[in-house]
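Here's a quick briefing to read alongside the model. Take a look at the fold first, then work through the notes below.

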Amino acid sequence: MIRRPVAWVVAVVLFAEAFGVAALNWFLGVVVDRQDMSLAGLDPHMMSVSSKIGGIAFGLYFALCGLVALLVALRDRPPAGLGRVLLISAAVVHALLGAFTWGLVGWTAFLFMVLVLALIVLLLMTYDRPAEPADAAPGGGKSGDGPPVTSPPAPTTP
């Protein structure tokens, strides 16, 4: 099946992205701190610290999403509850980042964001629960458990 390899790939990509985002924001914080210049009167030290804190927070978020994907790969079960919400939010974040990177960074970064988005959506869709058959009786299929379920009559026009 394709489910477990996709979960493994998503986990590795999200862990790598977590490290990359944290490292990039840390580097940008160091650059801002060493410039010792003010942007519209803002304190350069405060901008540096906020960049580092934001990088660590965003990196931890992606690492947590990677941990959910890793648990999905190890257990071979669909993500549930908070894990599913985290993966859906990561997909939304990658869609928004993809839209921004097209104009700000270029099409290669856009393709990377869309690829990660597609992997996360594929992970969520391959572990989707199948629907219960319509002819399955709720009481185990015994006859005489109740009236059969029928669809309502179709509406008619006068």
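Over residues 7-32, what share of the chain is helix, what share is strand, and how far apart are the end C-alpha atoms? The span comes out as 100% helix and 0% strand, with 37 Å between its end C-alpha atoms. Keep in mind that this is a predicted model.

**Overall layout**
- The protein chain has four helices and zero strands, so to read it from the N terminus is to go α-α-α-α.
- Of the 158 residues in the protein chain, 26% are buried.
- Take the contacts with a separation of 6 or more: 70% of them link residues 24 or more positions apart.
- About 10800 Å² of the protein chain is exposed, and 72% of that comes from carbon and sulfur atoms.

**What the record says**
- An unreviewed UniProt entry puts the feature "transmembrane region" at residues 7-32, 52-73, 85-103 and 109-127.
- Residues 52-73, one of those annotated stretches, are 100% helix and 0% strand, and their end C-alpha atoms sit 31 Å apart.

**Inside: the nonpolar core**
- The largest nonpolar core counts 24 residues.
- Helix 1, helix 2, helix 3 (82-104) and helix 4 (107-126) are the elements that each put two or more residues into this core.
- Val-10, Leu-14, Leu-87, Ile-120 and Leu-123 have the most contacts inside the core.
- Which residues does Ile-120 touch, once its neighbours within four places in sequence are set aside? The list is Val-10, Leu-14, Leu-87, Ala-90, Ala-91 and His-94.
- Val-10, Leu-14 and Leu-87 thus turn up twice, as contacts of Ile-120 and among the core residues with the most contacts.

**Outside: the nonpolar patch**
- There's also a nonpolar patch on the surface, made of Trp-8, Phe-15, Leu-64, Leu-67, Leu-71 and Leu-74. Together these residues offer about 510 Å² of accessible area.
- Helix 1 (3-35) and helix 2 (44-75) are the elements giving two or more residues to the patch, and helix 2 gives the most, with four.
- Phe-15 is one of the patch residues and belongs to helix 1.
- Why does Phe-15 count as partly exposed? Its relative accessible area is 34%, and partly exposed covers values between the 20% cut-off for buried and the 50% cut-off for exposed.
- That 34% also explains why Phe-15 can join a patch, because patch residues need over 30% relative accessible area.

Key: Residues numbered from 1 in each chain as written. Predicted model: local features only at pLDDT ≥ 70, side-chain atom pairs only at ≥ 80, totals over all residues. Heavy atoms only, no water. Patch = residues over 30% accessible without salt bridge, like charges linked within 9 Å, V, L, I, M, F, W, Y side chains within 5 Å. Areas by Shrake-Rupley, 256 points an atom, 1.4 Å probe, with all protein chains shown as cover. Salt bridge = Lys/Arg side-chain N within 4 Å of Asp/Glu carboxyl O. Buried < 20%, exposed > 50% of the residue type's maximum accessible area, 1.4 Å probe, protein only. Core = buried A, V, L, I, M, F, W, Y, C linked by side-chain atoms within 4.5 Å. Contact = heavy atoms within 4.5 Å. UniProt positions renumbered as here; feature names shortened; annotations may be inferred.
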